[in-house]
Amino acid sequence: MRAAELRVTMNDTGDSVENLPAVTGETAPASQGRALEILAVLQTTLELDKLIELFSGELQKTLPHDSIGYENPVQDIELDIGARARHSCTYRLVVGEESLGRITLTRARRFSTEDVAAIENLLVSLVYPLRNALAHQRALESALKDALTGLYNRAAMTNALHREIRLARRHKAPLSLLMLDIDRFKHINDSYGHAAGDTALKVLAACVANCIRNTDVLARFGGEEFAVLLNSTERKGALLLAERICAAARALRFSHNGTEIGLTVSLGVATLQDPDDEKTLFERADQALYRAKHNGRDRVECAD
């Protein structure tokens, strides 16, 4: 079995040892059979967290460790299994020009030269299942993203609504939904062209993203309409955020073909009530948005 490139960093004393030689080539014959066994196990899943968990379990049979971590900054992934210990061994996995991220093993006792060699011989079994799992995750994320703004799309927000309502009920926690859209968006398209409209959508998406928490879910719901799902947020907090977004949008200016363009948004707010499901929570927020548009735009309205 041919190995992908493995770059190793060890941290056995609290000091990192950088630029160790790259480990490439064939898996040692004595380990090849075990690596193939692990490969067969890893090929049973495309779920990234499950893949790392399976690899850790198989590796434990040969080399006990306290934790395994996986990082992939390109895809914003960080996974940890187990409790981190003092001594660590980190591998950066590269296939050709493609970086697959880093695997870090930790344990209470130092990794010996023989331990490192054993890990390297078995780590090659992870490389290609990992590449497949990363490609699978990219495909899933792409299907749930809006191509223009990079935000989640309607399908992703529908999934999030179902999940967050279930969690809110289980933990007896508040949940709120904001619906907003750009006022007189057709005028922007008609006056300045659809490219200006696209820019307005992207600028607003970035503006709203800067106003919310990392735990909130922001999606382009369709056309010029956006949705923000706020977990652990009561009506008062949702209204404060809606007013902040409204003011931030009002202050926006973007340039198109030398012309400075401003915009405003209208927002509707709804907080989860006992009778609500995904459909009724959305409908109540959407009806509040309609009232905001009807009552003069550039304003916030709250559902009853």
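**A tour of one pocket and two helix pairs**

Begin at the largest pocket of this predicted model. Its lining splits into 12 nonpolar, 4 polar and 8 charged residues. The space inside comes to about 750 Å³.

Now select Gln137, Glu141, Leu144, Lys145 and Tyr152. Of the 24 lining residues, these are the closest to the centre of the pocket. Next, colour the elements around them. Two or more lining residues come from each of α2 (48–60), β4 (77–82), α3 (113–143) and α4 (154–171).

Stay with α4 and add helix α8, residues 278–294. The two axes come within 10 Å and cross at roughly 115°. An angle of 65 to 115 degrees counts as roughly perpendicular, so α4 is roughly perpendicular to α8. The crossing is right-handed.

Which residues of α4 and α8 meet here? On α4, show Arg154, Leu161, His162 and Ile165. On α8, show Glu278, Leu281 and Phe282. By class, this contact has 4 nonpolar, 1 polar and 2 charged residues.

Move on to the second pair. Select helix α6 (residues 194–211) and helix α7 (residues 235–250). Their axes also come within 10 Å, and the crossing angle is roughly 140°. That makes α6 oblique to α7. Look at the handedness: α6 passes α7 in a right-handed crossing.

Finish with the side chains between them. From α6, pick Leu204, Cys207, Val208 and Cys211. From α7, pick Leu241, Arg244, Ile245, Ala248 and Ala249. How many residues of this contact are nonpolar, polar and charged? The contact of α6 with α7 has 8 nonpolar residues, no polar ones and 1 charged.

Conventions:
Residues are numbered from 1 along each chain as its sequence is written. This is a predicted model: local features need pLDDT of at least 70, side-chain atom pairs count only at pLDDT 80 or more; totals for chains, interfaces and linings use all residues. Side-chain values use heavy atoms; hydrogens and water are left out. Axes are lines fitted to C-alpha atoms, for helices over the stretch in contact, and angles run from 0 to 180 degrees between N-to-C directions. Helices (H or I, at least four residues) and strands (E, at least two) are DSSP runs, numbered from the N terminus. Angles under 35 degrees count as roughly parallel, over 145 as roughly antiparallel, 65 to 115 as roughly perpendicular and the rest as oblique. A crossing is left-handed if the near helix is turned anticlockwise from the far one by less than a right angle, and right-handed if clockwise. Contact means heavy atoms within 4.5 Å. Ala, Val, Leu, Ile, Met, Phe, Trp, Tyr, Cys and Pro count as nonpolar, Asp, Glu, Lys and Arg as charged, and the others, Gly among them, as polar. On a 1 Å grid over the protein atoms alone, a cavity is a set of points where a 1.4 Å probe fits but cannot get out, and a pocket is an open set with protein on both sides within 12 Å along at least five of seven lines; lining residues have an atom within 4 Å of a point. Grid points are joined across faces, edges and corners, and a volume is the space filled by probe spheres set on the points.
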